[in-house]
Amino acid sequence: MRHVTLSANGVRHELEVEPRELLVYVLRDRLELTGTNVGCDTSSCGSCTVLVNGEAVKSCTMLGVQADGMEITTIEGLATNGHLHPVQQAFHDHHALQCGYCTPGMVLAAVSLIDSGEAVDEAAIREGLEGNLCRCTGYHNIVKAVAAAAGVS
Amino acid sequence: MTTTETAGNFVGTSVKRKEDASLLRGSGTFVENLNLPGTVFMALVRSPYPHARIKSVNLDAAKAAEGVVAAFSGADLTEDWKGSLPCAWPVTEDIKMPPHYPLAVDEARYQGDGVAVVIAGSRAAAKDAAELIEVEYEQLGSIADVEKALADGAPLVHDDLGTNECYVWKLDSGDVQAAIDAADVVVTRRYFQPRLIPNAIEPRGVLAQVGPTDDVTLWSATQVPHVLRFALQLVLGITESKIRVIAPDVGGGFGSKLNVYAEEALAVALARRLGRPVKWTEERSENYQATIHGRDVVHELTFAATKDGAITAVKSEAKCAMGAYLQLVTPGIPLLGAWIYSGPYEIPNYSVTFTGVFTHTTPTDAYRGAGRPEATYVLERTMDALARELGMDPVELRRKNFVKEFPHTMASGLTIDSGDYEASLDRLLELLDLDGIRADQAERRARGDAKQIGVGFSTYNEMCGLAPSRILGAIRYAVGGWDSATIRFQPLGSVQVVTGTSPHGQSHETTWAQIVADELGVGVDDIEVLHGDTAVSQLGMDTYGSRSLAVGGMALYHASQKIVAKARRIVAHQLEVAEDDLEFADGSFSVKGSPDRSMGIAAAAFQAHAAHNLPDGMEPGLEEAATYDPANFSWPGGAHAAVVEVDTETGDTRLVRYVAVDDVGNPVNPQIIDGQVHGGVTQGIAAALYEEGTYDEEGNLLTTTMTTYLVPSAAELPSYETDRIETRADNPLGVKGVGETGTIAAAPAVINAIVDALSHLGVTDIQMPATPERVWTAIEEVRT
Amino acid sequence: MIPAAFEYEVAESADHAVALLGEHEDAKLLAGGHSLLPAMKLRLARPATLVDVGRVAELSYVREDGDRIAIGALTRHKDVASAALLREHCPIVSYTAGQVGDPQVRHRGTIGGSLAHGDPASDLPTVVLALDGELVVRGSAGERTIPAAAFFAGVFQTAMGSDEMLVEIRVPKLGSGTGWSYTKMSRRAQDWATVAVAAVVERSNGSIGKASIGLTNMGATPLRASAAEEAIADGGSIEDAAALAANGAEPSSDHAATADFRRHLARVLTRRALQEAAAR
């Protein structure tokens with residue numbers, strides 16, 4: 001077991017984890033932040049996307065021990081004081097989720113994309129979401145939502 | 001009975017979803033998020049071989065491993081099963097239905113067939129221990145190809161059956177052979193529709209808890225909690241009333257979670273044995289073996305036509321892969337399309353034959369569209385082939401053959417209640433700018449551009465809203481197709497709706513509230529919709545086959561009418577007027593001619609609860625239930641077009657535009673309808689361009705993960721253009737279904753577009769999916 | 001989805017990492033982990049020890065080194081993609097780093113990890129090979145510089161010893177007369193290239209006088225399309241040279257393409273890459 005200190009949604013945690021525990025399972029099982037979902041086993045689907053030091057990362061492709069000293073934002077950490085983050089609100093307004101399973105990862109990937117300044121038009125948004133797969137929506141409304149949140153048409 | 005006269009505030013508007021509040025915040029209750037004290041974790045050992053005798057299973061090392069609670073082979077658990085995993089649709093009297101138990105005992109029949117199970121205190125310990133289980137296999141001959149499996153000498157999946165032929169099912173009407181003999185033109189084409197892996201983003205999972213008196217609680221990522229409860233009693237010998245199945249939030253299904261799976265039965269059996277809750281979640285690569293697949297069917301389709309393009313006969317012969325075993329609906333999937341091999345066209349002579357074939361592969365079963373995409377694909381591809389033969393425009397050929405008057409009884413015997421295929425096509429053409437596309441195409445061809453464009457059409461109908469129970473009985477389906485709703489007006493005016501449908505992304509919590517809100521004259525926010533837990537929703541037939549609105553929604557409608565009728569009686573009694581003297585609008589009963597004398601429906605609900613002054617003999621409370629059995633299937637239809645750009649040097653093909661015009665009857669929530677169309681067409685587009693579950697000859701799965709089975713991302717797709725025309729269905733709400741229309745229509749539109757892009761080179765066919773290599777090879781073949 | 005158990009060590013510096021590699025048999029370096037962890041999750045790779053170099057900040061840099069740009073092996077793809085020095089002096093590297101995987105991969109994956117993994121389907125190895133880059137490797141016996149042409153030995157195999165670590169990558173500064181292209185064809189945007197071509201050309205007299213052409217996913221290692229390069233050097237046209245792009249290559253067949261189709265793609269994409277490089 002290794003000692004890991006990490007901050008999740010602004011809350012500091014001291015944990016003992018096995019080196020082989022993936023960050024996604026540390027978040028889900030140890031910190032009971034079950035909003036981050038596992039959808040595949042080849043880093044293909046992006047459902048597990050969280051922000052690590054502000055950048056989108058697939059938490060299934062990171063060991064918990066690699067996150068020592070880092071700040072993690074999960075979907076649970078996006079809303080503030082009960083108010084949805086603008087990206088969450090845009091997803092709601094534009095019906096950008098159906099079953100909701102890919103949604104936490106998709107929202108955080110979108111947050112990271114917008115923060116990077118790269119969400120400049122539809123093509124860039126679609127390219128920027130290449131690592132996040134959805135089976136329900138066909139992406140049409142997701143792209144609309146991200147464009148709205150980014151302030152582009 | 002008096003009819004409701006409500007203004008209709010919510011139906012037809014894009015009310016935002018109630019489901020989002022929890023899902024957007026990451027508070028979804030997906031099975032993997034649920035935990036009970038003392039839970040242990042299950043891991044399966046699966047046959048790596050497509051066909052093998054199981055000679056021995058050595059559990060010693062696994063049982064001794066750290067954290068392991070128990071381990072069992074298939075042989076250890078035979079006493080736990082009262083019956084085999086059910087197949088609900090023995091489509092013919094002489095269908096071969098081999099037994100299918102949760103773990104294989106003597107013989108593994110497909111790669112992924114479960115042979116042993118280990119239970120440990122953590123997921124990791126179970127996975128580590130599973131590797132320590134030693135199974136001695138003797139490999140046997142195996143076959144994956146659906147046609148080769150029927151050949152003499154092919155390895156048999158079930159030896160004792162003496163054949164891989166599972167069934168032959170036919171539907172004949174008129175005289176197809178005479179029509180073919182008399183025809184000016186006969187076009188016959190062969191199509192292979194590859195295996196598709198449904199790939200809902202949430203893998204399957206279960207959590208089973210069994211109490212000391214065999215009371216079972218099973219949480220499962222399922223589309224069918226009611227069906228599952230019913231089936232588990234057959235498999236486990238536990239009476240249905242002691243079984244509670246809960247579908248919590250479910251992350252997509254598309255038919256793959258419409259089933260009764262080995263792991264569901266295993267988790268309950270093991271929880272019963274161990275006295276501890278048992279949990280299991282698929283890994284994705286495990287899902288590719290252990291969860292049902294779609295399609296895998298070879299068709300030969302024939303049209304007979306006059307030289308003017310009037311189609312006089314359709315003949316379809318299909319060989320349909322069952323896989324190694326019959327899961328819940330496996331043999332019936334092709335049949336779900338059996339009555340629409342004439343599509344939206346008027347074709348007087350009709351013959352369809354399906355041969356179900358066992359192969360050493362993962363069982364097939366329902367995948368979005370279930371039988372109807374397969375039918376539509378072969379029809380719409382052959383329409384283009386016929387148009388080429390006749391030298392006719394493919395759009396005009398379709399229009400010429402459309403059914404023009406409704407209701408229309410097809411040669412296949414079923415009656416389409418309403419539709420307007422011409423209006424859909426007209427609207428499509430308005431949106432498409434076909435002239436512009438043809439001009440662009442001509443210019444590129446003249447210049448000899450590397451990148452060519454093409455446009456392809458798909459005009460379709462489909463039959464959904466499963467299903468009239470009498471017809472299900474007549475075609476040998478084991479149970480019925482009704483659905484149920486209970487509406488409970490609480491004393492202080494809020495409304496609880498309990499539905500028998502089981503949404504997993506389809507937004508029923510929102511749309512059912514819209515329907516009931518309009519019928520009762522209350523607000524959408526006053527209504528809570530409950531579903532998915534058999535302890536709460538006692539009656540239902542769950543969600544699949546685009547049935548929930550047409551059947552479940554109608555149950556809501558009828559339950560609402562009963563609520564309003566009872567409330568009317570209460571109000572009439574208390575206002576001392578005749579029931580007919582009351583008008584009901586906007587949630588309020590008022591006396592005709594004296595509108596100041598009124599009572600709101602919520603007030604009537606309180607009166608029902610207080611019971612101080614109710615008509616003689618009336619029971620207190622304002623709660624009504626209705627179970628609705630549809631009289632007919634539901635008949636959406638429409639016209640779609642795809643525009644593709646093909647790089648003729650590399651074969652790389654991109655979808656540039658996709659335009660969908662659909663008739664789904666009275667729209668309840670336009671934004672949600674559009675979302676269903678977007679998602680549905682995307683799966684059809686993906687089948688046309690990206691997805692193919694491939695096996696080698698022997699049945700080893702080659703596309704084992706999401707890196708080789710290609711589910712497209714947003715980067716691969718354009719935004720869509722959607723519109724609707726509306727013909728009301730023959731039910732009081734006028735609603736049809738929409739969940740599968742996109743997937744039914746889209747694949748042939750895309751393939752037709754690719755063929756169109758390359759038609760000037762002489763290309764007439766491309767195998768799905770149209771990979772760059774297939775496209776390039778098709779170009780090379782006509783070049784030489 | 002759950003790797004087999006392993007020992008875990010954290011390296012404080014490059015030298016510490018080398019020492020740890022020497023101490024543990026069957027040890028692998030963990031940088032971004034986006035090549036190694038996927039293999040471990042499927043239990044295709046089961047190293048006994050992981051040496052985590054993710055905190056060795058000293059190896060994350062992009063700096064001028066005379067007529068070359070030196071890139072620390074642990075520089076993440078997104079930082080390689082945005083490095084001003086590379087954009088100015090060797091833009092084929094910054095551009096290609098921006099094409100690797102998807103944004104999440106680029107936030108964690110490193111150039112050194114990608115090169116050391118030795119996957120012939122990866123993008124950056126091809127580019128470094130086309131540039132005749134140099135790989136600086138440190139082991140218990142000290143540092144050595146391996147030319148790219150000698151670095152890639154086979155599928156997932158490099159010339160590094162089991163106790164050696166890639167520490168720096170050196171690529172040439174490209175002059176103003178140099179054009180470049182990385183032309184990649186993949187099934188989906190997030191997928192590895194079916195085939196890709198890295199082209200670095202020297203423009204002369206309206207055409208190209210010299211070309212370095214690297215091929216992705218055309219064999220067991222990234223390859224140079226030598227026959228095509230020679231044709232250009234001999235004054236041949238882009239079309240004639242591209243026709244020779246697949247000479248000597250033995251690509252494999254997989255779900256994305258057969259070997260023959262890969263050869264065809266190599267020819268087409270080489271032509272396009274050369275044309276784009278010539279026009280840049």
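**Exercise 1. Describe the extent of the interface between chain A and chain B in contacting residues and buried area.**

Solution. Contacts are taken up before area.

Step 1. In this predicted model, 49 residues of chain A are in contact with 54 residues of chain B.

Step 2. The two chains bury about 4,100 Å² between them, and carbon and sulfur atoms give 55% of this area.

Step 3. On the side of chain A, A:His95, A:Tyr101 and A:Arg135 supply 20% of the area that the chain buries against chain B, more than any other three residues.

**Exercise 2. Determine how many salt bridges and polar contacts link chain A to chain B, and which elements of chain A take part in the interface.**

Solution. The polar links come before the secondary structure.

Step 1. The rule finds 3 salt bridges across this interface.

Step 2. One of these joins A:Arg20 to B:Asp128; the closest N and O atoms lie 2.6 Å apart, which satisfies the 4 Å cut-off for a salt bridge.

Step 3. Residue pairs in polar contact, both at pLDDT 80 or more, number 26.

Step 4. Five helices of chain A each supply at least two residues of the side that touches chain B: α1 (23-30), α2 (86-93), α3 (103-115), α4 (122-128) and α5 (140-150). The largest share, 4 residues, comes from α2(A).

Step 5. By class, the residues on this side of chain A divide into 18 nonpolar, 20 polar and 11 charged.

**Exercise 3. Carry out the corresponding analysis for chain C and chain A, beginning with contacts and buried area.**

Solution. The steps follow the order used above.

Step 1. Here 32 residues of chain C are in contact with 33 residues of chain A.

Step 2. The area buried between chain C and chain A is about 2,700 Å², with 56% of it on carbon and sulfur atoms. Of the area that chain C buries against chain A, C:Met1, C:Tyr8 and C:Gln104 supply 25%, more than any other three residues.

Step 3. The count between these chains is 3 salt bridges. Among them is the pair A:Lys58 and C:Asp102, whose side chains meet at 2.7 Å, N to O.

Step 4. Polar contacts across the interface comprise 14 residue pairs, both residues at pLDDT 80 or more.

Step 5. On the side of chain C that touches chain A, two or more residues come from each of β1 (7-10), α2 (36-41), β3 (49-52) and α6 (103-108). The largest share belongs to α6(C), with 5 residues.

Step 6. This side of chain C has 16 nonpolar, 7 polar and 9 charged residues.

Terms used. Residues are numbered from 1 along each chain as its sequence is written. Chains are lettered from A and ligands numbered from 1 in the order in which they are written. This is a predicted model: local features need pLDDT of at least 70, side-chain atom pairs count only at pLDDT 80 or more; totals for chains, interfaces and linings use all residues. Side-chain values use heavy atoms; hydrogens and water are left out. Contact means heavy atoms within 4.5 Å. Buried area is the accessible area (1.4 Å probe) that two parts lose on being put together, summed over both. A polar contact is a pair of N or O atoms within 3.5 Å; within protein, one must be able to donate a hydrogen and the other to accept it, and residues adjacent in sequence count only if both atoms are side-chain atoms. Ala, Val, Leu, Ile, Met, Phe, Trp, Tyr, Cys and Pro count as nonpolar, Asp, Glu, Lys and Arg as charged, and the others, Gly among them, as polar.
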